[in-house]
Every structure is written in structure tokens, then in C-alpha cells.
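Take a moment to look over the sequence and the model shown below. The paragraphs that follow start from a single residue and work outward.

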Amino acid sequence: MTLIFARLLREHARGESERVVHLIRLPGDGGIPPHLFAQCGERFEPYVLESLPLPGGAPCVPCLAAVPRPGLPPNE
Ligand SMILES: [Zn+2]
């Protein structure tokens, strides 16, 4: 599994508050599935997202909280 930073394209968002940067899970096979899932549980169709080469903008806090951290048990 690969994680990328992505947010809704401007034309698919109802304002800047919907353009938070999510951590999106990509399948390991390199294919593009019909739906992509963020770490926070949100589901997106691939064409509504733009990927970001580096973290930037307002982050999705639930996505950040859901990232596993080495050495710490989950949810701490
Ligand atoms: Zn998110």
C-alpha cells in the first residue's frame, strides 16, 4: 500500500473547507481502482482528486490521526 497526499479539485469542492489534504491509500499493484479511500474513511472517485507532491494546505486531521506511527500502539 502506498499513501499519497491529495485533495479535491477546486471544481469538485463546495468551498475551500472541502479542500483539506487527505492521505489517500493507493493499491500496491499500480492500478487505479474505481474508488480511492482516505485514511479518515472518506471515499473519492479518482478523477475528483489532485495529488500533491509535498504536504501543503490545510490537512485533514482525522487522516493524520489515523497514520500508524512506528513504536506507538494504535490510537495513542
Ligand atoms: Zn481525510
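Begin with Ile 4, which lies in strand E1. The model is a predicted one. Is Ile 4 buried or exposed, or something in between? Ile 4 has 14 other C-beta atoms within 10 Å, so it counts as partly exposed; a residue needs 20 or more to be buried, and 12 or fewer to be exposed. Apart from neighbours within four places in sequence, Ile 4 is in contact with Ile 24, Leu 26 and Ser 51. For a sense of distance, take Glu 42: from Ile 4 it is 38 residues away in sequence, and the two C-alpha atoms are 14 Å apart in space.

Ala 6 also has its place in strand E1. Ala 6 has 20 other C-beta atoms within 10 Å, and is therefore buried. Which residues does Ala 6 touch, if those up to four places away in sequence are not counted? They are His 22, Ile 24, Leu 49, Glu 50, Ser 51 and Leu 52. Pro 53 shows how sequence and space can be set side by side: Ala 6 and Pro 53 are 47 residues apart in sequence, while their C-alpha atoms lie 8.7 Å apart.

The next step is the pairing of strands. In general, the strands of a sheet pair through backbone hydrogen bonds, and the pairing may be parallel or antiparallel. Here, strand E1 (residues 2-8) pairs with E2 in the antiparallel sense, over 5 bridges. One bridge partner pair is Ala 6 with His 22 in E2. Strand E2 (residues 22-26) is in turn joined to strand E3 (residues 36-38) by 2 bridges, and these two strands run antiparallel. Ile 24 has Ala 38 in E3 as its bridge partner, and Arg 25 has Phe 37 in E3.

Now put the strands together. How many strands does the open sheet have, and in what order? There are 5, in the order E4-E3-E2-E1-E5, and the pairing is antiparallel. At the edges are strand E4 (43-44) and strand E5 (49-52), each of which pairs on one side only.

What fills the largest nonpolar core? It has 6 residues: Ala 6, Leu 23, Ile 24, Leu 36, Ala 38 and Cys 63. At least two of these core residues come from E2, and at least two from E3. As a general tendency, nonpolar side chains in soluble globular proteins are buried together. Leu 23 illustrates the contacts of a core residue: leaving aside neighbours within four places in sequence, Leu 23 is in contact with Leu 3, Phe 5, Ala 38, Gln 39, Cys 63 and Val 67.

Finally, step back to the whole chain. The protein has 1 helix and 5 strands, and from the N terminus on its elements run β-β-β-β-β-α. The radius of gyration is 13 Å, close to the 11 Å that the globule rule gives for 76 residues, so the protein is as compact as a globular protein of that length. Its C-alpha atoms fill a box of roughly 40 × 30 × 20 Å along the principal axes. Of the 76 residues, 12% count as buried. Among contacts with a separation of 6 or more, 52% are between residues 24 or more positions apart.

Key
Residues numbered from 1 in each chain as written. Predicted model: local features only at pLDDT ≥ 70, side-chain atom pairs only at ≥ 80, totals over all residues. Pairing = 2+ DSSP bridges. Helix = DSSP H or I, 4+ residues; strand = E, 2+ residues; numbered from the N terminus. Rg over C-alpha atoms; globule rule 2.2 N^0.38 Å. Contact = placed C-beta atoms within 7 Å. Core = buried A, V, L, I, M, F, W, Y, C linked by C-beta atoms within 7 Å.
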